[in-house]
Amino acid sequence: MFLDEVLKHRSVQAADPLLRAARSAVEGRQVRWVHSSEVLDIAPLLRGGELLLTGGQALAAASDERRVGYVRELAGRGVAALAIETGPSLPDIPESMLVAAESNGLPLFELRKVAPFVGIMQEINSILVGQSVELLQRGDEISHAMAAELAHGGGLDEVLAVLAGQTGTGVRLVSPAGLTLGSAGAADGGASDGGPGTGGLGTVGSGASTTTAVDVPVRGVLAARLELELPEGIDPTFIRVAGERSVDILGLALLQRMPPGLKELAGAELMRAVHSGAQPWRLEQLGAAAGFAIDGPVAAVMVRSATSGRLRPALDAALAGAVPHAASYADKLELIALAGLPREGTRAARSLLIEALGNLEVPEGSAIAVGPLGLGIGEAAWSMAEARRTLDLAPRTGRAGGPARQVRDADAFAAERLAAESIDAGARRDFVRRTLGPILEHDEQRNSQLLHTLTVWLDSGCNTAQAARELHLERQSMYHRLQRIFDLCGGDPRGTGRLVGLHLATRLAPLP
């Protein structure tokens, strides 16, 4: 169901919705589900495609920085749209949220009248469920027809021809290297050249044509990518469902032609084990079979994006150019990889990996984390867990922590990771209050930014000129701010034991 159709429904119209940001992103955007929540940390619990309704009470009490982070997190999770009910607690949507929504391509609506969210959810979601059931039934019918063709001796092209005929679209099956394995329908003989494109499930445009792409694995190993054209007049959701439901049959057809080797199967199993946090001995078994050196250094990579699956070929290409050996695995909205690093120049190789990931073209709101160095394949799950922890913590800190804004280097968040794992939240807050209390009170009472100034200055290695450039301040203004900070925290901390405590407190202050 398209977003504009949802907004025209009587249940939503009763709330008098007004589009406030990202108008250009509304057309053609589909809604998978309608959900309501007042929790600001809801993004990790969403799957993408939701219309999120909120009453605004939590937003009214939140800081401006947290509101902006809320919008960015929802956009990064692939939420279809955000609708905020304004009223006594939140008379108007803050301008900073509108700017963030516009820049991140997240449609943001103001609900100007009180409306029961439960009623909206029941009516819209019942329609969506009905549509989903119908689409799944149609997709299963197509899958059964393809299975019948395969059972009667049909080859890959004949099976694809059934899919093309049933959907009324052109289809093409492409290898991970970009070679056409088979095609049928409008795409037969006229498909685009086979460069690395999208993986997983997503929609890509090329000139006047648009295609939906679906990964086709064989025994857990990525074997091909199914591309389906999206002609005008055909429901793109139906095309995507048909593609998804045909994956198993196409996998069987490919298995007859090109069964995967033991090394590829072990690589896929290794990544599943890393993702689930398997024991080191199990990782060593699978790592050896997958071509990784058991005692060789490794670093985990985690990608969160609304189009994670589509990024897999590009990620694999970046890894191939940056490290001697790697493996990847796509799971819903997360794309993970393990990079085997050389024994000589390990740190430099990891830095080159981060730089290569920073050059990836990813959608706005996507985030990539590189885990800390694991001294052997047995530490791969730990590196992955720390990469995940880094992605969870980074939005709260407001720091990029890498050469590109979408890359987070876990080493740059070592203090936050250690504190989140090992220090009680109450103890953290008490330490921050005792160390930074006067500065926090000054910022709260005068709406100043002394804490942010101190954080940037400490992160720059107490380089006043560099900090002034990052804060876009005149050097004299920077000196005035620092002097005020020193007055509040007991003097210039440089050359004293207080410096490390101040720096740690500024790192812990954004944590919950």
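**Exercise 1. Which loop holds His-472? Work out what is odd about its backbone, then find a second residue with the same sign of phi.**

Before starting, keep in mind that this is a predicted model.

Step 1. Place the residue. His-472 sits in the loop between helix 18 and helix 19.

Step 2. Check the backbone. The phi of His-472 is near 60 degrees, a positive value in a residue other than glycine. Most residues other than glycine have a negative phi.

Step 3. Check the surroundings. His-472 has a relative accessible area of 74%, so it is exposed.

Step 4. Find the second case. Asp-16, also not a glycine, has a positive phi of about 55 degrees. Asp-16 belongs to the loop between helix 2 (10-13) and strand 1. With a relative accessible area of 25%, Asp-16 is partly exposed.

**Exercise 2. Take helix 17 (residues 450-459) and decide whether it is mostly covered or mostly open. Then say what it packs against.**

Step 1. Count the buried positions. Eight of the 10 residues in helix 17 are buried, so the helix is mostly covered.

Step 2. Name them. The buried residues of helix 17 are Leu-450, Leu-451, Thr-453, Leu-454, Thr-455, Val-456, Trp-457 and Leu-458.

Step 3. Look for the neighbours. These buried residues pack against helix 16, helix 18 (464-471), helix 19 (475-489) and helix 20 (498-508).

Step 4. Follow the chain out. Just after helix 17 comes Gly-461, with a positive phi of about 75 degrees.

**Exercise 3. Sort the faces of helix 15 (residues 414-422): which residues are buried, and which are exposed?**

Step 1. Pick out the buried set. Glu-416, Arg-417 and Ala-419 are buried in helix 15.

Step 2. Look down the axis. The three cover an arc of only 170 degrees, so they lie on the same side of helix 15.

Step 3. Turn the helix over. Leu-418, Glu-421 and Ser-422 are exposed on the other side of helix 15.

**Exercise 4. Go through three of the 26 salt bridges and say which parts of the chain each one joins.**

Step 1. Start in helix 10 (residues 262-276). Arg-272 and Glu-269 form a salt bridge, with their closest N and O atoms 2.9 Å apart. The two are three residues apart in helix 10, so about one helical turn separates them. Arg-272 is partly exposed at 27% relative accessibility, and Glu-269 is partly exposed at 30%.

Step 2. Move to helix 16 (residues 425-446). Here Arg-433 and Asp-430 meet in a salt bridge, 2.6 Å from N to O. Again the partners are three residues apart, about one turn of the helix. Arg-433 is partly exposed at 48% relative accessibility, and Asp-430 is partly exposed at 28%.

Step 3. Now try Asp-409 and Arg-350. Their closest N and O atoms are 2.7 Å apart in a salt bridge. This pair links distant parts of the chain: Asp-409 is in strand 15 (residues 407-409) and Arg-350 in helix 13 (residues 346-358), 59 residues apart. Both Asp-409 and Arg-350 are buried.

Step 4. Look past single pairs. Arg-304, Glu-334, Arg-388 and Asp-392 are joined into one network by salt bridges that share partners.

**Exercise 5. Find which residues of the largest nonpolar core touch the most other members, then trace the contacts of Leu-250.**

Step 1. Find the hubs. The core has 31 residues, and Leu-173, Leu-226, Leu-250 and Leu-254 touch the most other members.

Step 2. See which elements contribute. At least two core residues each come from helix 6 (117-151), helix 7 (156-167), strand 6 (171-174), strand 7 (180-184), strand 9 (209-218), strand 10 (221-229), helix 8 (236-245) and helix 9 (247-257). Helix 7 gives the largest share, six residues.

Step 3. Trace Leu-250. Leaving out residues up to four places away in sequence, Leu-250 touches Met-146, Leu-156, Val-159, Leu-160, Leu-173, Val-216 and Leu-226.

Step 4. Compare with the general trend. In soluble globular proteins, nonpolar side chains tend to be buried together.

**Exercise 6. Which residues make a nonpolar surface patch of about 240 Å²?**

Step 1. List the members. Trp-33, Val-129 and Val-133 make the patch.

Step 2. Zoom in on one of them. Val-129 is in helix 6, and its 41% relative accessibility counts as partly exposed.

How values were computed
Residues are numbered from 1 along each chain as its sequence is written. This is a predicted model: local features need pLDDT of at least 70, side-chain atom pairs count only at pLDDT 80 or more; totals for chains, interfaces and linings use all residues. Side-chain values use heavy atoms; hydrogens and water are left out. A nonpolar core is a set of buried Ala, Val, Leu, Ile, Met, Phe, Trp, Tyr and Cys residues joined through side-chain atoms within 4.5 Å. Buried means under 20% relative accessible area, exposed over 50%, partly exposed in between (1.4 Å probe, protein chains only). Helices (H or I, at least four residues) and strands (E, at least two) are DSSP runs, numbered from the N terminus. Contact means heavy atoms within 4.5 Å. Patches are made of residues with over 30% relative accessible area and no salt bridge: like charges are joined within 9 Å, nonpolar side chains (Val, Leu, Ile, Met, Phe, Trp, Tyr) within 5 Å. Accessible areas come from the Shrake-Rupley method with a 1.4 Å probe; for residues, only the protein chains shown count as cover. A salt bridge is a side-chain nitrogen of Lys or Arg within 4 Å of a carboxyl oxygen of Asp or Glu. The arc is that of the directions from the helix axis to the C-beta atoms.
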